[in-house]
Amino acid sequence: MTSTSIARTIGEFAADLRFDDLPADVVDRAKLLALDSIGVAFASSRYEFAKRAVAAATSLGTGDVPVIAHPQRFGLRDAVLVDGILVHGLDFDETHVPSVVHTSASAFPTALGLSAHRHLSGRDLLLGHVLGIEVAARLGRVAGGGFHQIGFHPTGLIGAFGSAALAARLDGQSADGIAGAQGLVGSMATGLLEFLEDGAWTKRMHPGWAGVSGITAAAYSRQGFAAPDKVYEGRFGLFATHLLPDAERDLALATAGLGKDWATLEVAVKPFPCCHFNHAFIDAALTLGSEHGLRPDDIKSVRCLISEGEVKTVCEPVQNKLAPRSDYDAKFSVQFCVAAALTHGQFTLAELEDDVLADREVLDLASRVDYATDPDSGFPRHYSGEVIIETTDGRTLRHREQINRGSADRPLTKDDVVTKFRDNMALVSAGEVADRVLDAVETLDDCDDAATFADIVRG
């Protein structure tokens with residue numbers, strides 16, 4: 001291998017990284033992101049997609065690795081896949097905004113499963129979680145939202161590389177081994193956006209499958225299975241094959257600031273259970289609705305000013321967005337989310353239930369919501385949004401959220417995240433379960449055996 005490849009540079013960084021190298025605020029942030037992931041996983045457990053995922057894993061056999069919010073134990077890779085589905089299944093999990101990647105959705109289940117399976121320490125778990133985030137965030141930054149434009153979901157695609165790096169590192173492999181794991185996982189990494197066409201469940205699988213792929217690649221790399229060196233920058237590497245030919249890409253971003261600038265601190269916790277691209281519009285709609293006491297019949301039309309890079313995901317095809325066929329369809333419709341927020345004065349998991357999806361008042365208002373390209377959007381650094389409402393009595397009301405709430409430059413507080421965690425936990429469990437999990441997360445770096453921690457987060 002040459003010392004110039006991106007995979008090799010990441011491998012050297014990962015091989016040398018120790019828990020004591022992590023700044024205290026990075027460790028604290030990793031714990032908070034783990035807590036958020038666990039809370040969302042518990043909330044997911046009551047939904048049909050989670051029940052079917054657990055049933056599918058059960059049909060493949062059992063093992064020794066616990067699953068979040070469930071009594072079952074599976075083999076390592078099946079446990080990681082199910083945990084990834086639970087963390088990502090409600091689209092309520094965090095996002096590293098500049099890379100448009102749900103980094104913890106693959107990094108945390110992978111680190112949790114491996115650490116529990118091998119009886120590593122809580123420090124190892126946290127190190128793996130951080131490493132997975134750092135690698136995926138940087139690789140995603142190179143594209144800056146460009147993967148979406150060609151139909152790839154970066155959480156699944158890029159998450160596989162972060163998972164491969166952390167899996168090989170927790171396996172104690174050398175820089176060469178960690179680089180090789182990345183090279184191998186390039187032929188396994190995937191995630192198609194076709195679910196946007198019909199509200200299919202496939203997106204929910206992407207981060208867990210990224211973890212499965214990363215673990216598999218690391219195992220093959222340990223055995224010396226030959227891997228391409230330039231899996232990222234090569235002629236048929238990731239960035240040549242998964243972006244439009246004229247897409248902007250800065251390959252230096254893939255390794256810039258490793259060990260100095262911590263992407264983990266940039267990860268945004270979601271205040272709303274839907275695509276992050278919709279959040280600024282929901283907040284803007286809620287602000288206008290509250291300030292002006294608006295009801296749906298007061299509203300003649302709504303216009304959303306949105307980045308061109310977000311349009312394909314949450315605005316088009318228009319007919320699908322105006323009448324979502326499922327809760328997952330609705331999560332990716334700016335028209336529906338804005339209409340539901342204006343109608344109900346909130347946007348929670350309740351606004352994604354079947355009765356709301358069929359609510360004539362919400363759907364009628366959604367039909368009056370359109371969009372236009374926003375030349376002043378901060379995308380991809382921020383998911384900006386402006387809502388302009390024309391009222392039936394002739395007023396023009398507008399509100400802009402240039403920096404989406406929850407992002408690194410406008411973060412939720414720790415108390416906000418803990419409240420979100422407790423609200424999610426309360427959907428399916430008693431308060432003492434939340435207390436035990438919260439205490440276990442806060443003391444994770446003192447845990448000698450991650451299998452003990454994994455047992456606690458079973459509930």
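Let's start with two helices of this predicted model: helix α4, covering residues 76-88, packs against helix α10, covering residues 206-222, with 7 Å between their axes and an angle of about 150 degrees. An angle over 145 degrees counts as roughly antiparallel, so α4 and α10 are roughly antiparallel to each other. Their crossing is right-handed.

Which residues make this contact? On the α4 side, look for L76, R77, V80, L81, G84 and H88. On the α10 side, the partners are P207, G208, W209, G211, V212, I215 and T216. Sorted by class, the contact between α4 and α10 contains seven nonpolar residues, five polar ones and one charged one. Glycine is grouped with the polar residues here, which is worth remembering when you sort the list yourself.

Now let's turn to the cysteines. A disulfide is a covalent bond between the sulfur atoms of two cysteines. How many disulfides does a search of the whole structure find? The search finds zero. To see why, recall that a disulfide needs two cysteine sulfur atoms within 2.5 Å. For C275, the nearest cysteine sulfur belongs to C274 and lies 7.0 Å away, and C275 is in no disulfide. Is C275 buried or exposed? Buried means under 20% relative accessible area, and C275 has 6% relative accessibility, so C275 counts as buried.

C315 can be followed in the same way. The nearest cysteine sulfur to C315 is that of C304, 7.2 Å away, and C315 is in no disulfide. With a relative accessibility of 0%, C315 therefore counts as buried.

How values were computed: Residues numbered from 1 in each chain as written. Predicted model: local features only at pLDDT ≥ 70, side-chain atom pairs only at ≥ 80, totals over all residues. Heavy atoms only, no water. Axes fitted to C-alpha atoms, helices over the stretch in contact; angles between N-to-C directions. Helix = DSSP H or I, 4+ residues; strand = E, 2+ residues; numbered from the N terminus. Parallel < 35°, antiparallel > 145°, perpendicular 65-115°, else oblique. Left-handed = near helix turned anticlockwise from the far one by under 90°. Contact = heavy atoms within 4.5 Å. Buried < 20%, exposed > 50% of the residue type's maximum accessible area, 1.4 Å probe, protein only.
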